[in-house]
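Subject: Structure for your review

Dear colleague,

Please find below the structure that I am handing over to you. My notes on what was found in it follow directly after.

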Amino acid sequence: MAMAAAGTPLLSLFFFLISASLLLPGLQGSADRGVLGLSQREFDYLALALQWPGTYCQSTHYCCPSNGCCRPYALTQFTIHGLWPDYDDGTWPACCSSSEFDVKKISSLIPTLEKYWPSLSCSSASLCHGGKGLFWGHEYEKHGTCSYPVIQDEYSYFSKALDLYFKYNITDILSRAGFLATNSETYFVKDIVAALEKAIGTSPQLVCKRGSLQELRICFYKDFTPRDCGILSSVLHSSSLARSSCPKAD
């Protein structure tokens, strides 16, 4: 792909071949959200947060069996970060019940989760009720418990996130539009957004790190039809580093 003129904002989709023998890092949760408190109303919409491993895995300093960045084959597709209930005013609920994650309840989903919803860190994730645990446990306790009554239990939370992930396959959508993951190509932000708007019918939210796409979010109404991601939500959910490093859309 031809490069644009100097000074034109571009977005890099970095992709790195990663070997388990390399010394690599965990960056899990750099774009994740904090707990707001106990007084929480029912959410307004859902955001499916998808990670781009090529950017997350750039900074991996060491390997472990639980880190998807350390696999002997490269992760060449977006993976799931989480399915997050949000409010239209740009805030969000978190840790909404006393329910604790039980991996046995999703045992039939584990092979699929390991492939499409891996942890990209060697560090254990924090849990709502104290201590550390699996990345999936963090996502369910912090976000999944707030998706009630639309999503009513642990199994439904993970299966619905997977359903949305496969129905709106961002990796395939971008690939068909000519956006290939390499370590040498750069793309216009506006062209990436336009390709997603054409395929899904709504505007996504992008999160970047040092000019590279780190995370992409698709938003949904409570009936799981796509909707635009809110501007307030985009500002509040991204770190200052992520915001400042995203090229402008035009």
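P149 sits in the loop that runs between helix 3 and helix 4. The peptide bond joining Y148 to P149 is cis, with an omega of about 5 degrees. Please bear in mind throughout that this is a predicted model.

A further backbone feature concerns C95, which lies in the loop between strand 3 and helix 2. Although C95 is not a glycine, its phi is positive, at about 50 degrees.

I turn next to the two helices on either side of the loop that holds P149. Two packed helices are described by the angle between their axes and by the distance between those axes. Helix 3 covers residues 135–142 and helix 4 covers residues 154–167; they pack at an angle of about 105 degrees, and their axes are 11 Å apart. Because angles of 65 to 115 degrees count as roughly perpendicular, helix 3 is roughly perpendicular to helix 4. On the side of helix 3, the contact is made by W136, E139 and Y140, while helix 4 contributes E154, Y157 and F158. By character, the residues of this contact comprise four nonpolar and two charged, with no polar ones.

E139 also appears in the annotation record. In the unreviewed UniProt entry, the annotation "active site" covers H81, E139 and H143. These residues span 63 residues in sequence, yet no two of their C-alpha atoms are more than 11.0 Å apart, so they gather at one spot. Of these, H81 is located in strand 3, which comprises residues 79–86.

Finally, there is the matter of open space in the model. Rolling a probe the size of a water molecule over the atoms shows where empty space is left. The second largest pocket holds about 310 Å³ of space. It is lined by 19 residues, of which S66, S119, L134, F135 and W136 are the closest to its centre. W136 is thus named both here and in the contact between helix 3 and helix 4. Helix 2 (110–116) and helix 3 each supply at least two residues of the lining. As to its character, the lining of this pocket divides into ten nonpolar, seven polar and two charged residues.

With kind regards

Methods: Residues numbered from 1 in each chain as written. Predicted model: local features only at pLDDT ≥ 70, side-chain atom pairs only at ≥ 80, totals over all residues. Heavy atoms only, no water. Axes fitted to C-alpha atoms, helices over the stretch in contact; angles between N-to-C directions. Helix = DSSP H or I, 4+ residues; strand = E, 2+ residues; numbered from the N terminus. Parallel < 35°, antiparallel > 145°, perpendicular 65-115°, else oblique. Contact = heavy atoms within 4.5 Å. Nonpolar A, V, L, I, M, F, W, Y, C, P; charged D, E, K, R; others polar. 1 Å grid on protein atoms, 1.4 Å probe; cavity = no way out; pocket = protein on both sides within 12 Å on 5 of 7 lines; lining within 4 Å. Points joined across faces, edges and corners; volume = space filled by probe spheres on them. UniProt positions renumbered as here; feature names shortened; annotations may be inferred.
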